[in-house]
Structures are given as C-alpha cells and as structure tokens.
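This report walks through a structure for a reader who is new to it. Please have the sequence and the 3D view open side by side.

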Amino acid sequence: MRFFKRKSDVFNSLIEGAEGVTYTSFYHDAFKRLRRDKVAMVCLAVVILIVVAAIFAPLITPYEEDYMDIGNELSGPSAEHWLGTDEFGRDVFTRIIYGSRVSLMVGLVAESIAVAIGLIVGAVAGFYGGKVDAVLSRIIEIFASFPHILFAIVVMFVLGTGIINVFIAVGVVGWTGLARVIRSQIMQLKQKEYVEAARASGGRNMQIIFRHLIPNCLSTIIVVATMNIPSDIMYEASLSFLGLGVQPPQASWGSMISEARKFMRQNPGYSVFPGVALIITVLAFNLLGDALRDALDPRLKNL
Amino acid sequence: MGEKLLEVKNLSTYFYTDEGVVYALDDVSFDLDRGEALGIVGESGSGKSVTALSIIRLVQSPPGKIVAGEVLLDGDNLLTKSKAEMRHIRGEKISMIFQEPMTALNPVFTVGHQIMESILIHQHKTKKEAREQAIEMLRLVGIPAPEKRVDDYPHQMSGGMRQRVMIAIALCCNPQLLICDEPTTALDVTIQAQILELIRDIRERLGTSVILITHDLGVVAQVTDKVIIMYAGKVMEYGTVRQIFTDPLHPYTAALMRSIPVIGKQTERLNVIRGMVPSLSKRPDGCLFHPRCDEACELCRTVRPDLINLPDGRQVRCHKYTDKWEEKSHD
Amino acid sequence: MTNEIILSVSKLRKWFPVKSSKVFGEKQYVKAVNDITFDIHKGETLGVVGESGCGKTTLGRTMIRLIEPTSGKIVFEGKDLTAFSEKEMRLARKDLQIMFQDPYGSLNPRMTVGDIITEPYVFQKMYTKKERIEKAVELMKICGLDPVYIRRYPHEFSGGQRQRIGIARALALRPKFLVCDEPVSALDVSIQSQIINLLMDLQQEFGLTYLFISHNLSVVYHMVDRIAVMYLGNLVELADKEDLYQNTAHPYTRALLKSIPSLDFSEEHKLRAALKGDIPSPINPPSGCVFHTRCENCTERCRQEVPPLREIAPRHFTACHLYDGQGKIVDA
C-alpha cells in the first residue's frame, strides 16, 4: 500500500512534472497540528529524555546498579549521591534510571500485547457482527468486569513473579478498552462506501480489513495505546510494590517505593524521588495522549 | 409594500483560521421591503448562509467575526445591539429555519412543548393559552389533527412534518422577517413542493418578509420576487426574478442558468462552468470569477469590479457594464 | 443503443428483516425492493427515480449483488448471477461496477489517489506494479484529472474532483455495466454539469451501460434513455424518456413531475403541492396499490388489489388499475 510513496522515482520517470507536486498525508497534517501544541512538545521531550536515559543508563549513572557504598547507607542528597542512598548504600539516582527501563518496557511490551489482543478481538467482533460479536462482546465484558489490579495479582500468582510475567499480566488486563473502541469503530467503518467499492471490485474480507479498516483505526490505536501506557506503568509499580513484580536486586520504581516505606524517617528522599519519577512519566504520557487525540481526531480538523 | 424593512450595508464577515483569513462575506449590501421575498442563490462557499447568520448575529465566534457593515432593521442597527437585546429580536422580529429540522428540534421534548417554550419566552401568556396557540400554529402550517400531533415527539414525525413544526416555531411571535436557510434541501420533491407552497402562503397571509437561501434556482423562481446571486462571498447580481431569469447580465449567472438541465429541452451536452469555486482564503486577483469566465480580459484579471447600479434597479458586479469595457472593446 | 439485453432482473426482491418489539410477533420486513422485473439493453442508460426510501439505492446494489437478493433472478449476459459462487462472483465483478453519491465517504482517506484507482487490479490480481501505475495515469487523464497528483490524498481534492476519482476507480476494470448511485447529488450546480458530461462521454467511448439512480428528474431527463419510477419498493412506471414525460400514465409519476420547481416563474406555472401527506413507512406499506393513500384517483379496488405491471403502450409499462384492460400484463 505504501508502494506509491516509496517508488517516487518510478513516478517521476512515468509522469511528467510529478516531482514538483507536494502531497500531504493525514499523518503529515496531524504532526503539523501536534507541533503547534506546546504542552505536547514538552511532554514529547520528557518522554524522549526518559527513553534516552533508559537506553543509555550505564553511561549516565555514576555507579553500577547494585554498587553498595558501605558505611554510607540511607544518606540524604549529596555531591556523591545526588538523590541519596538506600538501606544498602546503593545510589538512588542510579536505581531510578535503571528503574525507568522496567517502566518503559512494561509500557511498550505489555501495551503491545494489549493492542494485539484488543485489535484482533475488536476487529473480528466489529467486522463479522451477529453471533460472533455477541460471543466476543460477552468475553470482553467478563474480562472488563474484574477489578484490574486484582486480576493482575491473580495472573501473577498463577504465573509466578518475574518481569516477563509482569508484561503478560498487565497486557492481559489492559486490552478490553481498546477492543471496545475498535469494535465500534470497525462497525462504523464497514458501512463506508469505500468498503462497498472494494467489495464491488472483488475485495476479500481480509483484504478489506487490512487495506481499509485497520489503517483507518490506526490513529485510534495510537491514541488509546498512548493513554493506556501510564496505567500499565502504574500496574507494574503496584505489583512490584506488593512484591509480586520485579524481584530484587533489579530496580523498579514500585519496589523502591515499597522498600523505602520502612525508612521514611531516616531518608524521606528515598521514597519521594521514585514517586516523582513515576508521576512525571505518567503525566507526560497522559498529556501526550491527550494532545495526540486532538491532533489525530479528524472531526476537530475543520473547526 | 415599498417600505424598507431591512437594509444590509457593506456587511463583511471573515473567519480567522489557521490557514489564513477566510473572506466568507465581503462587502455585501442589499435592501428588503416589507412583505417582500428575496432569494439568495449561490453554490457552497458563496457566503449565502453566512449572510443569514450575520444578520441575526449567530456567526460562530471565534473563528468568525463581523468585521464591517450595518444591518438596519426598521432603521435600527442590529450590529450594535447587546446580546440580550438580540435574543429578543431573534424570534420576535426575525426568525430563522434551517436545512435539517431534526438537529434544530430537541428530541426529548414534544413539539408542542417546544412551540410553547418559544411563545412563553416572548409573550405574556398562561400555559393554557400558549398550548392553544401552539395548536393553532400547527394548524396554520398545515399539520393534520394538530390537537393530537401537538403531543408528538420529533422522531414520530416525518422530515416534512418537522420542517412544518420549525416554521410554526419561527412564526409563533409573528416576526416581520423569516429567514429560510435551504429549507427544502433535505426533503423529497413532493414534500419540497408542499413546504414551498406553505412559505408562499404564509407570506401572503401574514405579510411576513422572507429571505430564502438556496442553491436551487428553480426554488427561487417559485417563491421570491427578487434574487441575489452570490459567488465567493460577494454579490454578483441583483434584480427581480423576471429580470434575472429572462436576461441574466453577469456571465456567472448566465453560465449557471445554461448548466442546469431542463426537462423537455434535449441538448447533447450541458454547458459547463470550467474549474472550481476559488478558495476563500486565497482569492484570485481581479474579479473573483475571472478564472472560470469565458469573457474575462486583462481588466478582469487585475481590477476587482464594483457592484454597478443599473437604471432599471438591477445591480451587477462585472466590468462588462462599465465605460472601461467600452473603451477596451473599441481598441 | 441496441436491442441486445445485457442485464435483466425478474421478480427481484430484497426484504430487510426488522427487529420487532415483540419476541413472538410476526417477523417484519422493510420491503425495499419488491418483485421488480425489467431489462436493460446494451449501451443504454436506464434512469431510476423516486423519493427517499423508495428502494432505488437498494435496487442498484442488489442488481450487482453488493446486497444479496432475498429472491428473484439477475441475468447478466445470459448467466444467472444469483447462482454464482462467491469466487465466480468475484471474477464477474470486473464487468459490474458502481459509483457513489458521497464524494467524501467513497474514498479511503488514508490512501493516495493512485492506490485508490489501482486497487481493483490488486483484488483481481491484474498487471504488474509498473503497468498499474501506467493504467492509473491513463484513467486519471480520461477522467479529467492531472496525473501529476497521483500521490495526493483525497482530502486535497474538491468534491467534483473526488467524483472523478470515483469514476476512474469504477472504470479501472473496464466494466460493461455501471451503477451510478446519485453521482451528482452532492455537487454544486456548476460542477454537476461537468460530471454529467464526463459520464456521457465515457459511455460513448467505452460503450457502457448505465443504471442511473437519482432523485433529480431534470438531471435524469438529460442523462437517460428510459426511466423507471419507483415508489415504496415497487416499480410503478417504466417507459422511454420522452414517452414518460409526455404521456405520463401513473398518478405518482404525474405528481412527481408537477413537483419539480421549474425555472419558469410565470403565475400559471407556480408550483402547487401535487401530493398531500407523507410517504408511508416501508415496514407496513399500504395494502393493495402502495400509492393509494396519496392518490387522487384512488378507488375501493386500489385499496385491496395490487395492480400488476402491464404494457399499456409499446415499451410503456405501468402498475395502475386505471389502465386495466388496456394492455397485457407482464410476467404474471
């Protein structure tokens, strides 16, 4: 489908005068709108900063993840330890940077799982309708009716602790919202005349789904996924806080806060700083999701 | 007749969008006598609906803004009125009906309730009197068994019925001016004929002045006395229905008339106006119609023409009817 | 136009089931297309007119099996389309195409014009990629679009240009029969004539047969050879264009013609509402002749007996009791 864009040289040789013609896709336009939104750009910068920090953690951090500064436990912020140390004398700043890896991985991997399930279930239910839809809709409702965190805890109990299982638990919990949105959107899209036109020239169901329906859902998927990432991060933090998620000595914001509880008096910064990191990340993703929705929503385009 | 009810002078409404200023309505002037019916005809983007919204000051702002001009109703400038005063004028002196009656009616209230509401706001009446008047209004607009239909909800009525209800609401305070914005576009032809007959009938019986906005020249020919032809936010031609339909002066009007298929007149090909309506934010130089005009010359491409008053009361915005054109053609 | 029949439908019926409020109630249907029978000749344009809800759009889509008919036959070039398997139908679609009313909803906003026009080739597995581009360029030129815009997206075009894109897509497979579903209704008057002329030119060039669906009788008069008038899912009159306008038989057709606001502004041509009341619901259409509730010639018989379609003059068919005994009944 993207073939016409990539093979621009083919065009220019075939069509006289084609090279000078500009064309703007929907996403060009959306990005232009997004760039005008200052809050969105700040949030995007924050998100990029966190991603860069997570990737290059060993280069940024002054210490190893589990280096213990014996004799300097639970110290406050200082020149050596910018955000202080924990009960084993480990550098809190270092642990927060490494913890961002876990949070971002959960956001990415768990949300991918959720999108995959939600998209397939939603698309099949919306496209085929009737009895298929009735069955799938009930399944969606059953999954959605469990309290999310309890459901995740149950999954963790069944699967056992560990980061991979956190991804699975959070992913399996978070797909219902997307499935519902995709289902209703596909139901609307399949009535469109361009879908009828595709059918009239012999398009098969799968071709119609992949060429027409999913590309038109893409902006919804991007928005819903971006807005779900913060809650995924929060679920991971909660699971780790409860001791079900990431296991020590690996750092995670949730487990850090959990550990720091015991040392609130000795070193309040130990619990506050991971919390602040969590809040900034969640807020950045949330506001970015809002801005993306405004930029991608075609209904607002002509206003 | 003959007494001026509405005078619109140099009215300009612009929309300030991200893509630039949209000159939706640019320097529009016209008069309307008491009891007269005026048609405003134009294609999409010609500014015909914005004209109506500007008169009753319902242009959405932002992005829209009335930047210049006067709207005089009985000599009173509506553009200087406060919002509260405007609310009274709308409904009491000027009423408007829209293309899509379903969106203008509230689905959770009965039509009777909605007519009564408008009566109770503007007049000192008891609920019982208002209800009686509502039934009377429904009878006036030709709804059968109004005593029963008064308690119907909008979804229980057909499109034509709903448009009749809208007209009833618009008329319940006996306004001097009724503005109809594409009142029949969403309706079928047989229903359209009913509604047009109703509008004509109301004008005759109540002496209400009517402004009828439409893209359909046939509708205008059937209902109004005078016609304004609009194009790209400007008045292109003004005259009586007879004048404009028998002898269109502006090349745009003439081309428009020729491009409409007529039953009983078999032609091989329809006349075509080439190209498309210009963007209102990036308008061409000179006459706005010149890129599509067959008679355009150098003058049309560079100088924006004025609206010229002709001796027989008509107005036309075209260089053809000025001295400059004479000089040109003698060269 | 020849006398060779390209497509004929007989007793074509499409009833849409409606959810009834009662669980054990009688099943209710919207009778969108109710036992319609007619032929279309090769190279002609058959106009279908009627008001909203008369079933003209459903008829157009059912005829090319975009909507599966409830019953009846569709014979295209001697073959019964209703008997085709899904695979056979997919191949047959090369010959049967459709263009739509809405210049906005009929083009996928995420695809370039080139992708849209060549999509039928993808479905039918025709041509190489390079050939497809060449075809797209050729089609754009035929439809009056500048091929340099091949990589643009639909939102970068005006309504008239979008309709041209829709026509180019419909022509990509070189169909023999094209259903035009209100192709100019959403366009401005000055653009409308451009598209009508284009459709007429294409018909000459490619020998196309059109089913032209419209509610605008003036446009239909200009475009077509024969006209079918529909009311509440039923075919009420079918005749050659001039014959229909001059010797109008059915009271509904007469009312429809009288309702057109003409450009004639003289007092004697002033529009008078020719029909009272509204179109009845297609769920529970009136008994007997469906038009009897609004007909000025209505008799007791009209309320009870369904009038059959009969040929009252050569090539002039109507379904009305007024013409009882004047011609033979078609397809009893």
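How many bridges join strand β11 of chain C to strand β12 of chain C? Three bridges do so. β11(C) covers residues 310-313, β12(C) covers residues 316-318, and the two run antiparallel. Within this pair, E311(C) stands opposite F317(C) of β12(C). Keep in mind that the model is predicted.

**The sheet of chain C**

These two strands belong to an open sheet of nine strands. Its order is β6-β7-β8-β3-β9-β10-β12-β11-β13 in chain C, and the pairing is mixed. The edges are held by β6 (96-99) and β13 (328-329) of chain C. Each has a single partner strand, so one side of each is left without a neighbour in the sheet. Helix α1 of chain C, residues 56-63, packs on this sheet. It touches β3 (45-49), β6, β7 (177-181), β8 (209-214) and β9 (226-231) of chain C. The direction of α1(C) makes about 155° with that of β8(C).

**Chain A**

Chain A has 14 helices and zero strands. From the N terminus on, its elements are therefore α throughout, by the strand and helix assignment used here. The C-alpha trace of chain A spans about 75 × 50 × 35 Å along its principal axes. Of its 303 residues, 41% count as buried. Take the contacts in chain A with a separation of 6 or more: residues 24 or more positions apart account for 68% of them.

One helix of chain A deserves a closer look. Helix α4(A), residues 38-55, has 18 residues. It reaches 26 Å from its first C-alpha to its last, close to the 26 Å expected at 1.5 Å a residue. Which residues of α4(A) are buried? They are A40(A), C43(A), V47(A) and I50(A). Seen down the axis of α4(A), these buried residues fall within an arc of 90°, so they line one face of the helix. They pack against α3 (26-36), α6 (92-128) and α14 (268-296) of chain A. On the other side of α4(A), the residues K38(A), A45(A), I48(A) and V52(A) are exposed.

**Where the chains meet**

Two pairs of chains are in contact, and chains B and C share the most contacts. No contact joins chain A and chain B. Their closest C-alpha atoms lie 8 Å apart.

The contact of chains B and C takes 37 residues from chain B and 35 residues from chain C. On the side of chain B, the elements that give two or more residues are α7 (159-171), α8 (189-206), α9 (217-223) and α10 (241-246) of chain B. Of these, α8(B) gives the most, with seven residues.

The contact of chains C and A takes 36 residues from chain C and 30 residues from chain A. On the side of chain C, the elements that give two or more residues are β6, α3 (113-124) and α4 (129-142) of chain C. The largest share, six residues, comes from α3(C). Edge strand β6(C) thus appears here as well as in the sheet.

The table sets out the residue classes of the two sides.

| Side | Nonpolar | Polar | Charged |
|---|---|---|---|
| Chain B, touching chain C | 19 residues | 12 residues | six residues |
| Chain C, touching chain A | 16 residues | seven residues | 13 residues |

Terms used
Residues are numbered from 1 along each chain as its sequence is written. Chains are lettered from A and ligands numbered from 1 in the order in which they are written. This is a predicted model: local features need pLDDT of at least 70, side-chain atom pairs count only at pLDDT 80 or more; totals for chains, interfaces and linings use all residues. Two strands pair if DSSP finds at least two bridges between them. Helices (H or I, at least four residues) and strands (E, at least two) are DSSP runs, numbered from the N terminus. Two residues are in contact if their C-beta atoms, placed from the backbone, lie within 7 Å. Axes are lines fitted to C-alpha atoms, for helices over the stretch in contact, and angles run from 0 to 180 degrees between N-to-C directions. Ala, Val, Leu, Ile, Met, Phe, Trp, Tyr, Cys and Pro count as nonpolar, Asp, Glu, Lys and Arg as charged, and the others, Gly among them, as polar. The expected span of a helix is 1.5 Å times one less than its number of residues. A residue is buried if 20 or more other C-beta atoms lie within 10 Å of its own, exposed if 12 or fewer, and partly exposed in between; C-beta atoms are placed from the backbone. The arc is that of the directions from the helix axis to the C-beta atoms.
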